[in-house]
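Please open the model in your viewer and keep the selection tool at hand. The tour below proceeds one selection at a time.

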Amino acid sequence: MSRVKELQKSLFGGNTSNARQFGMIFTLVAIVLLFEILTGGLTLNPGNLISLVSQYSYILLLAIGMLMVIVAGHIDLSVGSVAAFVGIVVAQVMQDYAVPWFLAVLIGLAVGAVIGAWQGFWVAYVGVPAFIVTLAGMMLFRGGNQFIGNANTIPVPEGFRVIGSGFLPEVGPDTGYNNLTLLLGLVVCVAVVVREWRGRRTRREMGADAAPMWISVIRVAVPLAVIVFATLQFAGGRVGTSFPVSGIILGVLVVIYSFITRNTAGGRHIYAVGGNARAAELSGVKLKRVNFMVMMNMSVLAALAGMIFVARSAASGPQDGIGWELDAIAAVFIGGAAVSGGLGTISGSIVGGLVMAVLNNGLQLLGVGSDRVQIIKGLVLLLAVAFDVYNKKQGRFSVIDSLMRPFRRDTPTGPASSSEAGQERGKSPVAG
């Protein structure tokens, strides 16, 4: 086997060398490079990268929760309204009752949990479709936002703004860079190397053939190059800025939820329910509990996203959260989730969200009007999914399938046929 084919097999599951096998990761890189050229180098400018993470971290947070909802076979249309409602509640309690900001954050998360429990009850225990429940929630909590705030803008204190507009502080000697951002980049680089090393060691212990060392070097070198470049850009911004606190929150949640979906029984049960709810229930999965928890989790993350947005905006207003659910849903589907449920990854959804964020940011840098931005984003979503559906029908290469392979541990595996795959998804989580 040639080295090219060996690399294809190790990285992309043996598919053809067609560039489409890079999936949405390839698309993201292509869009970044395109806008970098069209904007004369503004896209990868430190200030723009910092702004990009700060502006879109709340949408990526929503994409994490929405991925789990869609994998379970549901949809949540209320996330934008829930975020706005929690934002106005938190702003109101800090203004009227002088509640400390850290306590206000806990109150906001608690309100999100109560809302999620309310919606989860109707979906899981009453049996009302999530589409209807969350459509009602979208209207209910949008009205609640305007009722509580009296359609006014409510400012938030300086301390609260840290979670949305704060950065890693300057510490240590003057290196010309933000030292904590450099340290963060170093930690991520070490994690990439350790993950590859542990993967090779595990394969050897199991008696499986490990990939050639040169392939492991490529798998480590490419992400390391990206991480080092990004670290220097974030650390080298203007004085007073560095990697955003909201980006730290997002990164921590990505790691936590990736672990949950890959390595816990609860995470496997979500995929089992989405793949074949009946088979999952017969295998011992508590269907109602899973549906309840994914809806509740989504509202908690929506509450957090709403607070981050309010903190960044320095005030809560009646227009907060409008259209957020559409951006989150688009990110999940562009990232490779199946419309019917059962398939999708946290990492894929983040990549899908970044595609939409970079597209939106690049068009704004080019001075494209908001009306045309919405048109282009809608066409990108439609064409991305339609093209993949067409390839599946023709038995050709599928972007979604290729995107799943590099992260195949995120989703259950099963036999080739759809019926057997559904049954396997229903059984594998219980089997451990």
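**First stop: helix H10**

The model is predicted. Select helix H10, residues 245-263. At 1.5 Å a residue, its 19 residues should span 27 Å, and the end C-alpha atoms are indeed 27 Å apart, so the expected and modelled values agree.

Next, colour the buried residues of H10: Val245, Ser246, Gly247, Leu250, Leu253, Tyr257, Ser258 and Thr261. Which helices help to cover the buried residues of H10? Among them are H3 (46-71), H7 (162-165), H11 (265-275), H13 and H15 (346-365).

**Second stop: Ile308 in helix H13**

Select helix H13, residues 287-313, and find Ile308 within it. Is Ile308 buried or exposed? Its relative accessibility is 1%, and because buried means under 20%, Ile308 counts as buried.

Now display the contacts of Ile308. Beyond its neighbours within four places in sequence, Ile308 is in contact with Ser57, Leu61, Ile163, Gly164, Ser246 and Ile249. Add Tyr58 to the selection: Tyr58 and Ile308 are 250 residues apart in sequence, yet their C-alpha atoms are 6.6 Å apart in space.

**Third stop: the nonpolar cores**

The largest nonpolar core has 73 residues, and Leu62, Ile64, Met66, Leu67, Val86, Phe160 and Met307 have the most contacts inside it. Helix H13 supplies the largest share of this core, 15 residues.

Select Val86. Leaving out residues up to four places away in sequence, Val86 touches Gly108, Val111, Gly112, Ile115, Ala303 and Met307.

Finally, select Met24, Val32, Leu359 and Leu363, which are included in a second, separate core of 23 residues.

Terms used
Residues numbered from 1 in each chain as written. Predicted model: local features only at pLDDT ≥ 70, side-chain atom pairs only at ≥ 80, totals over all residues. Heavy atoms only, no water. Helix = DSSP H or I, 4+ residues; strand = E, 2+ residues; numbered from the N terminus. Buried < 20%, exposed > 50% of the residue type's maximum accessible area, 1.4 Å probe, protein only. Contact = heavy atoms within 4.5 Å. Expected span 1.5 Å × (residues − 1). Core = buried A, V, L, I, M, F, W, Y, C linked by side-chain atoms within 4.5 Å.
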